[in-house]
Structures are given as C-alpha cells and as structure tokens.
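Biologist: I should like to request a close look at one part of this model, a packing of two helices, and then an account of the surrounding elements. Please state the criteria behind each term as it arises.

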Amino acid sequence: MSVPQHVAIILDGNGRWAKAKGLPRTAGHTAGAKNVETIAEAAYNNGIKYLTLYAFSTENWNRPQEEVKALMVLLDNYLKNCFKTAKKNNMRIRVIGDITRLEPATQERIRQLEKESSQYTGLNLTIAINYGSRDEIVRGIRHLCYDVEDGKLSADEITEESFGKYLDTWDLPDPDLMIRTSGEQRLSNYLLWQLAYSEFYFTPVPWPDFHEKELKEAIEAYENRNRRYGKV
C-alpha cells in the first residue's frame, strides 16, 4: 500500500449541504467544523502524517457580512476547543495564511495553540485561514527581496528550494494528494506552488458528509495511480 504522506483538502459544500436540508448556511459551516476532528482522526488512523485543510480563503471576505461574521465566531470557537483536541489526539497544529486581518485575540490564540501543540508527535494538522496562494507567493517574494536588499541572499542563490523556504509551508512536505469535496473541480487559489506534482481527487460528497469511508476511497484512488519516479 502507498498511503499518501500529506493530504490537502478543500472543504467545500457546507452551504449546499445546509440548503439541501432546509437549514441556514451557518448550520452547514457548524457541521463542517465538527467534521474536522472526525477526518483528522481518520487520517491519522489510516497512516497519513500531514493533513492541510482550506478553512477560509482570502476571497471569503467577499461573502455576505453576516456569514463572514458567523464564520469568524465559529473559527474562534474551534480554535478554543483545539487546545483540548490537540492534547487528546497528540496532534500538532499549524495555521498558514495572513492572520494579521484576524482579531488580535484570535491571532494570539493561534500563536499559543501552535506553541503548545509543537511538542505533540501525532498527526500534523495545518489549517489555512485567510489564505490565498497568490497572496502567499507575493508575500514570499517580498520577504525574499528584503533579504536580497540586506545582503542575506544573492540573486544567483534563488532556486526553487530556496524560494520554498519563504512560503507559509516552508517546514512541510508538498501534498501527495489533494481532495476537493462537493463536486467542484478547481483549485480556488489553494497551494498552487505546493500542488505542482500532487494527485487530484474530486468527490461530489459535501464536506459535512465526507467521513472515513470517503477518505479511504480517496486513498484507494491514489494508490491505484501510477506514481513514477520524478513526480511526473
């Protein structure tokens, strides 16, 4: 068996899941948040070492104000509970994205969560919050330019490997498998650099209904693909 070491997931379909059940969109987001722990446990139990979840994109700020406000409250509550779940599941948690747009209390909670969970040796869970891949690359280029200006790096030393150290995922391996739920088949500005050689798996199942059975189906599809030397 060739289980993917790193799985990245675009959590899509919360709103459509809620609409199909005659519920408000916020109910879908609540159900989706609850499913994170379920999939994190399933991923670890199936041999996955790194799990990266697209929770809130830079474009999500354009949603209706009430929905964004509800999402921020839900996110903050989730982060509060993460201290317990991280300890219970021996799970290390990281957050990628530009968190400076979040409330100061939320930013501090993220920093504390990352620090406290850094000692755990189980699943490495990364949550993308206010994340957009183009934004990440631009921020990386900006910091690289600062280092060139300061003489810390020369133009001749810029390579794919050295540039990768300026990305939010600098200490993570690239994903082996990218999963998107709810039927859409696009990347939506997610990990564009990191997914260059990843396998893609699209499922019509909305995120709140994406459970261990569906994760195993994605892993099986990955295992059945011909991954040749050289990542091509």
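Is the crossing of helix 3 and helix 4 left-handed or right-handed?

Modeller: The model is a predicted one, in which local features need pLDDT of at least 70 and side-chain atom pairs count only at pLDDT 80 or more, while totals for chains, interfaces and linings use all residues. Residues are numbered from 1 along each chain as its sequence is written, and side-chain values use heavy atoms, with hydrogens and water left out.

Helices and strands are DSSP runs numbered from the N terminus (H or I over at least four residues for a helix, E over at least two for a strand). Helix 3 comprises residues 65-88 and helix 4 residues 104-117; their axes come within 10 Å and cross at roughly 15 degrees. Such axes are lines fitted to C-alpha atoms, for helices over the stretch in contact, and the angles run from 0 to 180 degrees between N-to-C directions. Helix 3 and helix 4 are therefore roughly parallel to each other; that term applies under 35 degrees, with roughly antiparallel over 145, roughly perpendicular from 65 to 115 and oblique for the rest.

To your question, the crossing of helix 3 and helix 4 is left-handed. Helix 3 contributes D76, L79, K80, C82, F83 and A86 to the contact, and helix 4 contributes T106, R109, I110, Q112, L113, E116 and S117. By class, the residues in the contact of helix 3 with helix 4 comprise 6 nonpolar, 3 polar and 4 charged. As to the criteria, a left-handed crossing is one in which the near helix is turned anticlockwise from the far one by less than a right angle, and clockwise makes it right-handed. Contact means heavy atoms within 4.5 Å. Ala, Val, Leu, Ile, Met, Phe, Trp, Tyr, Cys and Pro count as nonpolar, Asp, Glu, Lys and Arg as charged, and the others, Gly among them, as polar.

Beyond helix 3 comes a loop that leads to strand 3, and N90 lies in it. Most residues other than glycine have a negative phi. N90, however, has a positive phi near 55 degrees. At 29% relative accessibility N90 counts as partly exposed, where buried means under 20% relative accessible area, exposed over 50%, and partly exposed in between (1.4 Å probe, protein chains only).

The loop brings us to the sheet. An open sheet is formed by 6 strands in the order 3-4-2-1-5-6, with parallel pairing; two strands pair if DSSP finds at least two bridges between them. Its edges are strand 3 (92-96) and strand 6 (199-202), each of which pairs on one side only. From one strand to the next, the twist averages 20 degrees. Strands of a sheet pair through backbone hydrogen bonds.

Taking the strands from the strand 3 edge, strand 3 and strand 4 (residues 124-131) run parallel and are joined by 5 bridges, among them the one from R92 to N124 of strand 4. Strand 4 also contains N130, another residue that is not a glycine and yet has a positive phi, of about 45 degrees. With 5% relative accessibility, N130 counts as buried.

Strand 4 is further joined to strand 2 by 7 bridges, again in parallel, and L53 stands opposite I127 of strand 4. Strand 2 is mostly covered, with 7 of its 8 residues buried.

Between strand 2 (residues 50-57) and strand 1 there are 5 bridges, and the two run parallel. Here H6 has Y50 of strand 2 as its bridge partner, and V7 has L51. Strand 1 (residues 6-10) has 5 of its 5 residues buried. Both of its faces are covered, H6, A8 and I10 being buried on one side and V7 and I9 on the other.

Strand 1 is joined to strand 5 by 4 bridges in a parallel arrangement, with A8 opposite M178 of strand 5. R180 belongs to strand 5, which spans residues 177-180. This arginine counts as buried, at 4% relative accessibility. Not counting residues up to four places away in sequence, R180 touches I10, D12, R186, L187, S188, Y201, F202 and T203.
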